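Visitor: I am new to this structure and would like a close look at a single part of it. Please take one residue as the starting point and work outward from there.

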Amino acid sequence: MRSLARRFALATLACIAIACVAGCNGSAYFRPHAFVPPMRHYRLRYAEPSARAVLGPDWNILNFRGEEIRQTPDWVTHARIDEGAGPRARAIPTFDLFAEHAHDGSVLFVMTVPLAPTMARRDLRIVAHEFIDELTGSAIAVVRRVRGDSSEERLVASRVIEDTEAVVGGADAYLFTLSRGVVGSASVTSSHLSTFVLLRPHRRFRGGGLADLEDGAPMLLLIALDAVAERYDARRPELDALLDRLDVRP
Amino acid sequence: MLVILGWSTVAQAQTGHDLASPWQRGHRTPSGAAPSRPRTDPATSAEVQDLRALSSAEAASAAPRVYGDGDGDSLGWDDPERDLQPMGMVHFVLMAQVGYLAGNDEFAEAIAVSGGPALDFCLWPTLSLHLRVGLRVGGHGPFGVSSRRLSDGYIRGTLLIGVHAVQLVSVRVGAELGPEIVFASESSSGNLMAGGAAVAQLGIRPGGHFELALDLAIDVRPGDELTPLGSRQYTYVAPRVGAMLAVTF
């Protein structure tokens, strides 16, 4: 009986070892050729395939912990999404990808945004303009800079310096760049440049599975770069390269 | 109103807490380092004036700007490792198995046929680590004519933990346990005994929802045989090798 137990234990251990080795097969998101979001409605091919790096080595991806997307409250959005059967509460990752540049603090992010059914066929240009209005208000936004317990308000002027239709990864998109700066007594000093790309994927949002051609909610992809003005020219090619490597799933 | 922001706004109203992006909330990473400040803060001041130098219409280009290096054209969208995973956290599985059990001095070699339903509970989606809980109904029948002939029928509960990995591979280990009715060659009635097995399954999943697997087990076979002195009971460990077909829904 002892021999039987020993054989059984050895066989079980061997099988568990095989399972563990076979199970460690890499990230569900950082796939062999590209970063793929949970719904797989697009992919970002790697700048450095051998390193599985979506961005260069100076970028830190903050919304991932190791190879797992962060699910902590700070990184999750709760929303009621109508995927065809009425609105349902869902908790979804706020960002597909959120990266910060180690040296200058530039931010580059990609987020998938489910839309209300009425927005399914809204012209991207209109959406973009509404977005610009929403971002800039009457063009001067009050930025609340919260530092600890204190807060300070600054008036920030924004202006559109780039505004164009685009095709990204085969899908319709709209690109615009805002210059924003602090409003002083006599001048407006540009401090940040922000480029936004609104993209309409071919597939529809499904919070519990893969994006689908027929079922689910309409959605947009928002890709954004924000950098301090003096570093924007260095970062913008990285955004353009990322857009060149973005494939939208047919 | 733009639903990108409206999405958060509406949800915020419904859930009663701030749903803005992390950097819009003074988000801090677990390490304490704060990501960059928001640079897309919605306007909240009504008294400011529009300083946009260019209207959207003025700035819009006529021809769309086209991005794409074309390198993605050669890459398909299939990802077998992920495509072969049925979506969802719980899957219904139907299994059918045929196996061979080795014999010994007291028991004849036997054919084992079984089948039954199971549920796969996904424990860790990215690894496709799952727990399979199921029932297996089957029986053993001996080869040919032998004084050691023994047959039985059984129903066993199965508990297996496994992964779907390296594109097509599935690996599971676990155990079975349940009652068996044993029919000895010289016995006119069956005896109820308990049987079980330690099980390992190594499979390929050619169609995602279909799986062909090699079922390896150390089967604990109960035995019962009539002798001139009365009934004898055996417990014998027999290696089992079998083929399994599973259909996952």
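Leaving aside its neighbours within four places in sequence, which residues is A:Leu198 in contact with?

Guide: The model is a predicted one. Outside the four places on either side in sequence, A:Leu198 has contacts with A:Leu124, A:Val127, A:Ala128 and A:Phe131, and also with A:Ala173, A:Tyr174, A:Leu220 and A:Leu222. A:Leu198 belongs to the largest nonpolar core, which has 61 residues. Within that core, A:Leu198 is one of the residues with the most contacts, along with A:Phe109, A:Val168, A:Ala173, A:Val197 and A:Leu199. Another core, of eight residues, lies apart from it, and B:Leu160, B:Ala198, B:Val199 and B:Ala217 are among its members. In soluble globular proteins, nonpolar side chains tend to be buried together.

One of the core residues just named, A:Phe109, leads on to the strands of chain A. Strand E9 of chain A covers 107-114, and the loop between strand E8 (97-101) and E9 holds A:Ala102. A:Ala102 counts as exposed because 12 other C-beta atoms lie within 10 Å, and a residue with 12 or fewer is exposed. In sequence A:Ala102 and A:Trp59 are 43 residues apart, yet their C-alpha atoms are 5.8 Å apart in space. Beyond its neighbours within four places in sequence, A:Ala102 is in contact with A:Asp58 and A:Asn60.

A:Trp59 brings in strand E3 (59-61) of chain A, and the loop between E2 and E3 contains A:Arg52. A:Arg52 is not a glycine, but its phi is positive, about 50 degrees. It is partly exposed, because 17 other C-beta atoms lie within 10 Å of A:Arg52. A:Arg40 is placed in the loop between strand E1 (34-35) and strand E2 (42-45) of chain A. A:Arg40 also has a positive phi, near 55 degrees, in a residue other than glycine. With 19 C-beta neighbours inside 10 Å, A:Arg40 is partly exposed.

Strand E6 of chain A, residues 76-82, has two faces. A:Thr77, A:Ala79 and A:Ile81 are on the covered face, whereas A:Val76, A:His78, A:Arg80 and A:Asp82 are on the uncovered one. In a regular strand the side chains alternate between the two faces of the sheet. Seven bridges pair E6 of chain A with strand E7 (residues 87-93) of chain A in the antiparallel sense. One of the residues on the uncovered face, A:Asp82, has A:Pro87 in E7 as its bridge partner. The two strands form a hairpin with four residues between them, and A:Gly84 in the turn has a positive phi of about 120 degrees.

Notes: Residues are numbered from 1 along each chain as its sequence is written. Chains are lettered from A and ligands numbered from 1 in the order in which they are written. This is a predicted model: local features need pLDDT of at least 70, side-chain atom pairs count only at pLDDT 80 or more; totals for chains, interfaces and linings use all residues. A nonpolar core is a set of buried Ala, Val, Leu, Ile, Met, Phe, Trp, Tyr and Cys residues joined through C-beta atoms within 7 Å. A residue is buried if 20 or more other C-beta atoms lie within 10 Å of its own, exposed if 12 or fewer, and partly exposed in between; C-beta atoms are placed from the backbone. Two residues are in contact if their C-beta atoms, placed from the backbone, lie within 7 Å. Two strands pair if DSSP finds at least two bridges between them.
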